Amino acid sequence: MQACTEMAAQTASCLRAALHGTAVHSATEAKGLEWDATLLADAPVIITEPRGWNGLYVALTRCTQELGQLLVA
């Protein structure tokens, strides 16, 4: 599980570097926030984090209009 948490942190770090001026949050950081559109990055990794399916639910319910998914290989 530690490796997956590190992978999620690395993915978020890479996305923050690539997407200047765009909000990039982990599922835990996004709890309580919402946006018109969100891009969910690497859902299978979110499931393996400590909050598991609950974290995925939080991530999936942050958008009010559009939801996209990005799978990281």
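Is Thr 38 buried or exposed in this chain? Thr 38 counts as buried, because its relative accessibility is 16% and the cut-off for buried is under 20%. Keep in mind that what you're looking at is a predicted model.

**The overall layout**

Let's zoom out for a moment. The protein chain has four helices and two strands. If you walk along the sequence, you meet them in the pattern α-α-β-α-α-β. The C-alpha atoms fit in a box of roughly 30 × 25 × 20 Å along the principal axes. A compact globule with 73 residues would have a radius of gyration near 11 Å, and this chain has 11 Å, so the two agree.

How much of the chain is buried? Buried residues make up 27% of the 73 residues. The accessible surface comes to about 5,000 Å², and 59% of that belongs to carbon and sulfur atoms. Now look at the contacts with a separation of 6 or more: 72% of them are between residues 24 or more positions apart.

**Around the two strands**

Back to Thr 38, which sits in strand S1 (residues 35–41). Leaving out residues up to four places away in sequence, Thr 38 touches Arg 62, Cys 63, Glu 66, Leu 67 and Gly 68. One of these, Cys 63, lies in strand S2. Check it from the other side, with the same neighbours in sequence left out, and Cys 63 touches Trp 35, Asp 36, Ala 37 and Thr 38. Cys 63 and Arg 16 are another story: they are 47 residues apart along the chain, and their C-alpha atoms are separated by 19 Å.

**The core**

Which residues form the largest nonpolar core? There are six of them: Ala 27, Leu 40, Ala 43, Ile 46, Leu 56 and Ala 59. Helix H3 (43–48) and helix H4 (52–60) are the elements that give two or more residues to this core.

Leu 40 is a good one to click on. Setting aside residues up to four places away in sequence, its contacts are Ile 46, Leu 56, Ala 59, Leu 60, Leu 67, Gly 68, Gln 69 and Leu 70.

**On the outside**

Leu 70 turns up again at the surface. Together with Leu 39 and Val 72, Leu 70 forms a nonpolar patch there, with about 240 Å² of accessible area between the three. Val 72 is found in the segment after strand S2 (63–70). Why does Val 72 count as partly exposed? Its relative accessible area is 39%, and partly exposed covers the range between under 20% and over 50%.

**One salt bridge**

How many salt bridges does a search of the whole structure find? The search turns up one. In it, the side chains of Arg 16 and Glu 29 meet at 3.1 Å, N to O. This pair links distant parts of the chain, with Arg 16 in helix H1 (residues 2–18) and Glu 29 in helix H2 (residues 27–30), 13 residues apart. Arg 16 is partly exposed at 38% relative accessibility, and Glu 29 is partly exposed too, with 41%.

Here are the accessibility values in one place:

| Residue | Relative accessible area | Class |
|---|---|---|
| Thr 38 | 16% | buried |
| Arg 16 | 38% | partly exposed |
| Val 72 | 39% | partly exposed |
| Glu 29 | 41% | partly exposed |

Conventions:
Residues numbered from 1 in each chain as written. Predicted model: local features only at pLDDT ≥ 70, side-chain atom pairs only at ≥ 80, totals over all residues. Heavy atoms only, no water. Core = buried A, V, L, I, M, F, W, Y, C linked by side-chain atoms within 4.5 Å. Buried < 20%, exposed > 50% of the residue type's maximum accessible area, 1.4 Å probe, protein only. Contact = heavy atoms within 4.5 Å. Patch = residues over 30% accessible without salt bridge, like charges linked within 9 Å, V, L, I, M, F, W, Y side chains within 5 Å. Areas by Shrake-Rupley, 256 points an atom, 1.4 Å probe, with all protein chains shown as cover. Salt bridge = Lys/Arg side-chain N within 4 Å of Asp/Glu carboxyl O. Rg over C-alpha atoms; globule rule 2.2 N^0.38 Å.
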